[in-house]
Amino acid sequence: MAKLKQAGIRFDLETYKWLEDEAEKTGTPISALVRAGVVLLMAEKALMTQMRSQIESQGVTYPSMKRPKQLVNK
């Protein structure tokens, strides 16, 4: 079994309510829903990187293709 790390995550009330409702509907723990969401986010990021590389390899560039600035929590 893979080693797991524990992290504390804070959600706004609307998001947490949605997670509770979804957990109740599906019978899936909130932690499993969050893990599944992270897996989807990682796959989406990999796909976007791949698509960007394909577009750039064709010599196409647009101002909107600039890399987004990272969000910083304050």
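**Note on a two-helix predicted model**

1. Glu22 and Lys25 sit three residues apart in helix H1, about one turn of the helix. They form a salt bridge, with the closest N and O atoms 3.5 Å apart. The model is predicted, and the values below are computed from it.

2. The two partners differ in exposure. Glu22 counts as buried because its relative accessibility is 19%, and the cut-off for buried is under 20%. Lys25 counts as exposed, at 66% relative accessibility; the cut-off there is over 50%. Spacing in sequence matters here: an α-helix has 3.6 residues a turn, so residues three or four places apart point the same way.

3. What does Glu22 touch beyond its neighbours within four places in sequence? Its contacts there are Gly27 and Leu33. Leu33 falls within the range of helix H2, 30–57. Glu22 itself is in helix H1.

4. How many salt bridges does the count come to? The count is two. Besides the Glu22 pair, Asp21 bridges to Lys17, with the closest N and O atoms 3.0 Å apart. These residues are four apart in helix H1, so about one helical turn separates them. In general, side chains of opposite charge can pair when their charged atoms come close.

5. Asp21 and Lys17 are both in the middle class of exposure. Asp21 is partly exposed, at 31% relative accessibility. Lys17 is partly exposed too, with a relative accessible area of 45%. Neither value is under 20% or over 50%, so neither residue counts as buried or exposed.

6. Now the helix as a whole. H1 runs over residues 13–26. It has 14 residues and reaches 20 Å from its first C-alpha to its last. That is close to the 20 Å expected at 1.5 Å a residue.

7. Which residues of H1 are buried? They are Leu19, Glu22 and Ala23. Seen down the axis of H1, the buried residues fall within an arc of 100°, so they line one face of the helix. That set packs against helix H2. On the other side of H1, Leu13, Glu14, Glu24 and Lys25 are exposed.

8. H2 spans residues 30–57. Its 28 residues should cover 40 Å at 1.5 Å a residue. The end C-alpha atoms are 41 Å apart, which agrees. After H2 comes Gly59, whose phi is positive, near 85°.

9. A nonpolar surface patch deserves a look. Ile9, Phe11 and Tyr16 form it, with about 270 Å² of accessible area together. Phe11 is placed in the segment before helix H1. At 33% relative accessibility, Phe11 counts as partly exposed. Patch members need over 30% relative accessible area, so Phe11 at 33% meets that cut-off.

10. Last, the chain totals. The secondary structure comes to two helices and zero strands. Of the 74 residues, 8% count as buried. The chain exposes about 7500 Å². Carbon and sulfur atoms supply 59% of that area.

Methods: Residues numbered from 1 in each chain as written. Predicted model: local features only at pLDDT ≥ 70, side-chain atom pairs only at ≥ 80, totals over all residues. Heavy atoms only, no water. Patch = residues over 30% accessible without salt bridge, like charges linked within 9 Å, V, L, I, M, F, W, Y side chains within 5 Å. Areas by Shrake-Rupley, 256 points an atom, 1.4 Å probe, with all protein chains shown as cover. Salt bridge = Lys/Arg side-chain N within 4 Å of Asp/Glu carboxyl O. Buried < 20%, exposed > 50% of the residue type's maximum accessible area, 1.4 Å probe, protein only. Expected span 1.5 Å × (residues − 1). Arc of directions from axis to C-beta. Contact = heavy atoms within 4.5 Å.
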